[in-house]
Number of protein chains: 2
Amino acid sequence: MNKRYFTEWSAVMIENLYYAPATQGEFQIYDLGDIMLECGETLRGAKLAYRTFGTLNAQKSNAILVTTWFSGTGKVMEDVYVGAGHALDPERYFIVIVDQLGGGVSSSPQNTAGPQAMAKFPGLSIGDDVGAQQRLVTDLFGIERLALVVGGSMGGQQVYEWAVRYPEMVERAAPIAATARISLHQRVFVETLKEAITSDPRWNCGWYACGLDVRGGMDRMARIVAVLGWSAQFYQEERWRSVIGMSSLDDFINGVMKAYFEPMDPNVLLAQMHKWQRADVSRHTGGDLAKALTRISARMMIMPISHDQFFPPHECEDDCALVPGALYRVIQSPEGHMGLNGFEPGYMKQVDRYLSELLAA
Amino acid sequence: MNKRYFTEWSAVMIENLYYAPATQGEFQIYDLGDIMLECGETLRGAKLAYRTFGTLNAQKSNAILVTTWFSGTGKVMEDVYVGAGHALDPERYFIVIVDQLGGGVSSSPQNTAGPQAMAKFPGLSIGDDVGAQQRLVTDLFGIERLALVVGGSMGGQQVYEWAVRYPEMVERAAPIAATARISLHQRVFVETLKEAITSDPRWNCGWYACGLDVRGGMDRMARIVAVLGWSAQFYQEERWRSVIGMSSLDDFINGVMKAYFEPMDPNVLLAQMHKWQRADVSRHTGGDLAKALTRISARMMIMPISHDQFFPPHECEDDCALVPGALYRVIQSPEGHMGLNGFEPGYMKQVDRYLSELLAA
């Protein structure tokens with residue numbers, strides 16, 4: 001790297017407090033140094049954000065890695081999935097929650113200075129995440145084998161990548177509401193989200209002064225997410241009233257969907273969408289999905305959500321048929337994909353029951 | 001009406017040849033005069049476009065009314081649904097295809113001069129259409145009872161309106177891929193389509209010089225339509241290749257979805273979306289859907305499309321349970337809602353079989 005050109009650039013980082021500890025809770029940073037990405041570009045001074053719970057035992061056999069989803073950070077995984085009474089119990093397990101690259105807390109468009117800032121942040125892949133996570137687990141903690149890798153949605157895409165790429169390191173794997181290869185239908189859908197943001201003139205090719213400048217496009221994106229993120233039944237039964245506690249459909253779209261995305265950074269969401277659209281473990285096997293999934297030696301439990309319109313159960317079932325010895329458990333939730341956030345208590349009860357079953361196996 | 005103010009406005013009509021006979025085929029115009037709309041505004045000099053096939057018998061008992069869907073005109077109904085060998089056979093029936101108000105061929109934003117042109121075109125409802133159609137059928141043709149009213153999607157919403165509002169005039173009714181009241185899920189979806197157009201700066205609050213100026217927003221809308229318009233299975237099986245004959249997913253999005261909407265008028269599509277979002281026969285009965293549907297005396301055949309993501313079969317089935325003596329026939333088509341266009345021959349075979357069954361009843 002030519003240090004001269006690199007350092008001559010001025011810092012154009014945006015300070016977005018949404019991604020700071022005051023909002024995200026406590027986390028640590030693991031310095032990856034310069035990492036070569038799958039796209040061929042080098043991400044310089046890459047940093048991985050993580051948080052741990054519980055204690056690693058002497059045999060280092062009780063480690064669980066938890067991944068994050070689109071727009072979600074380690075915070076929601078900590079709040080909803082980890083704790084006493086949950087399958088992911090810090091009394092028994094050493095739990096590492098790791099934030100996605102590009103997700104706002106780890107190295108991301110808005111917190112990277114210099115020539116890779118904002119619109120110039122490189123295109124990432126799910127493989128880049130898992131490669132970085134493997135270094136965190138191995139180099140920092142000296143763990144050779146994970147008792148479980150678990151995550152939902154894009155987090156589940158990372159679980160598949162782990163199980164296919166590092167089979168010897170993964171004892172158990174639980175992709176929730178995810179598939180091993182993104183469907184063409186979902187690829188089209190994610191493109192509509194990208195276009196909602198990038199068509200906002202104030203997005204300005206990624207060079208806004210503040211994420212809130214792009215609120216128009218972000219609001220439109222939020223409504224499109226709402227269409228497939230929740231199930232038709234969720235709307236029909238007005239569950240935005242009974243489950244979420246909002247007073248009308250507009251109140252829900254405005255007070256939940258738009259409000260959720262508003263503080264986030266537009267380039268961060270775009271960086272994640274880039275990965276989301278390209279998730280495909282079959283790139284390890286020349287496009288042969290069956291061949292890729294046959295590599296998996298982990299005991300895998302595939303857990304779709306009954307009303308999911310992003311990753312419909314029948315697509316997860318197709319994956320299941322290709323993974324040796326995989327278990328299949330459908331989480332019943334009329335919330336659909338957004339059920340992942342644990343809005344209704346019944347959701348986490350099922351997740352905990354199934355993960356406990358897997359951990360006991 | 002104060003003629004002075006009305007006529008002082010200059011004509012701002014846009015000449016869009018897509019809606020002219022060269023593209024739409026031959027049609028007639030029925031002059032409705034000034035009609036009072038449900039919203040309270042008067043549409044002045046309203047015109048209804050229609051085309052007829054076959055001959056009305058002496059008893060006037062063989063008349064079939066065919067309605068149109070969002071973005072579709074009488075042309076597609078003529079080409080796909082009507083003709084020798086179809087259930088809608090002009091040898092036996094007098095078939096009237098009528099274009100929606102606001103649909104581009106009947107009175108619409110782009111062909112209405114003066115103070116109701118373009119962005120000032122009034123908000124329409126499905127009820128306005130059916131009221132105008134009732135006058136066409138009664139006043140122009142002297143028909144007291146229709147042997148059948150049939151239409152798909154928004155056309156099906158008009159069928160429900162007919163059956164609830166003029167039960168004595170409807171002998172048989174066949175709503176294809178439609179429900180009696182729009183679901184909240186679909187209402188959110190249609191809003192994303194509106195926002196795709198209206199967020200384009202060149203839409204300019206509806207005052208563009210030419211529809212093609214708004215291509216950016218129209219293209220984004222086309223992609224969002226693609227997400228729910230076709231089924232996930234359609235994408236997964238790459239049926240854009242086998243059924244539509246396109247060479248790649250991008251080729252399909254560009255060459256079919258964007259190309260389809262490109263020549264249309266943005267205000268026309270917005271006028272139709274306004275109606276689409278509000279379709280609800282229960283407004284006749286204070287919001288009581290069961291009460292509205294119980295009014296129906298027509299022999300009704302409810303025909304959802306198996307993979308429809310706009311009007312899922314289970315929602316159509318819910319309507320069916322409320323319509324006295326209704327028949328229920330699911331059209332199998334992995335194309336989903338877009339199957340309506342008859343891309344694969346198997347679709348029309350089923351429609352013809354079911355409509356023949358209904359007409360024989």
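Start with the cysteines of this predicted model. A search over all chains turns up 0 disulfides. Select B:Cys205. The nearest cysteine sulfur belongs to B:Cys210 and is 18 Å away, and B:Cys205 is in no disulfide. B:Cys205 is exposed, because its relative accessibility is 57%. Now pick B:Cys316. The nearest cysteine sulfur here is that of B:Cys320, 9.2 Å away, and again there is no disulfide for B:Cys316. B:Cys316 is buried, at 0% relative accessible area.

**The interface**

Show both chains. Chain A puts 25 residues into the contact, and chain B puts in 25 residues. Together they bury about 2400 Å², with 73% of that on carbon and sulfur atoms. How many salt bridges cross the interface of chain A and chain B? There are 2. For one of them, select B:Arg223 and A:Glu195: their closest N and O atoms are 3.1 Å apart. Polar contacts across the interface come to 6 residue pairs.

Next, colour chain A by element. Helix 6 (184–198), helix 7 (215–229), helix 8 (232–236) and helix 10 (249–261) each give two or more residues to the side that touches chain B. Helix 6 gives the most, with 7 residues. By class, this side of chain A has 13 nonpolar, 6 polar and 6 charged residues.

**A:Tyr50**

Move to strand 2 (residues 42–53) of chain A and select A:Tyr50. Buried or exposed? A:Tyr50 is buried, because its relative accessibility of 9% falls under the 20% cut-off. Show its surroundings. Beyond residues up to four places away in sequence, A:Tyr50 touches A:Phe27, A:Gln28, A:Ile29, A:Tyr30, A:Val96, A:Ile97, A:Val98, A:Leu136, A:Leu140 and A:Phe141. Then draw a C-alpha to C-alpha distance from A:Tyr50 to A:Lys275: it reads 19 Å, for a pair 225 residues apart in sequence.

**A:Gln116**

Go to the loop between strand 4 (94–98) and helix 4 (126–140) of chain A, where A:Gln116 lies. A:Gln116 counts as buried, at 4% relative accessibility. Follow its side chain to two backbone atoms. A polar atom of that side chain lies 2.6 Å from the backbone oxygen of A:Thr42. The side chain of A:Gln116 also reaches the backbone nitrogen of A:Arg44, at 3.1 Å. Neighbours within four places aside, the contacts of A:Gln116 include A:Glu41, A:Leu43, A:Phe121 and A:Pro122.

**Salt bridges**

The structure holds 34 salt bridges over all chains. Three stops follow.

- Select A:Arg202 and A:Asp213. Their closest N and O atoms are 4.0 Å apart. Both residues sit in the loop between helix 6 and helix 7 of chain A, 11 residues apart. A:Arg202 is exposed at 53%, while A:Asp213 is partly exposed at 25%.
- Select A:Glu237 and A:Arg239. Here the closest N and O atoms of the salt bridge are 3.3 Å apart. A:Glu237 is partly exposed at 41%; A:Arg239 is buried at 14%.
- Select B:Arg329 and B:Glu357. The closest N and O atoms of this salt bridge are 2.5 Å apart. B:Arg329 is in the loop between strand 8 (327–328) and helix 14 (345–360) of chain B, and B:Glu357 is in helix 14, so the pair ties together parts 28 residues apart in sequence. B:Arg329 is partly exposed at 22%, and B:Glu357 is partly exposed at 34%.

For the last stop, select A:Glu38, A:Glu161, A:Arg165 and A:Arg283. Salt bridges with shared partners join these residues into one network.

Technical notes
Residues are numbered from 1 along each chain as its sequence is written. Chains are lettered from A and ligands numbered from 1 in the order in which they are written. This is a predicted model: local features need pLDDT of at least 70, side-chain atom pairs count only at pLDDT 80 or more; totals for chains, interfaces and linings use all residues. Side-chain values use heavy atoms; hydrogens and water are left out. Contact means heavy atoms within 4.5 Å. Buried area is the accessible area (1.4 Å probe) that two parts lose on being put together, summed over both. A salt bridge is a side-chain nitrogen of Lys or Arg within 4 Å of a carboxyl oxygen of Asp or Glu. A polar contact is a pair of N or O atoms within 3.5 Å; within protein, one must be able to donate a hydrogen and the other to accept it, and residues adjacent in sequence count only if both atoms are side-chain atoms. Helices (H or I, at least four residues) and strands (E, at least two) are DSSP runs, numbered from the N terminus. Ala, Val, Leu, Ile, Met, Phe, Trp, Tyr, Cys and Pro count as nonpolar, Asp, Glu, Lys and Arg as charged, and the others, Gly among them, as polar. A disulfide is a pair of cysteine sulfur atoms within 2.5 Å. Buried means under 20% relative accessible area, exposed over 50%, partly exposed in between (1.4 Å probe, protein chains only).
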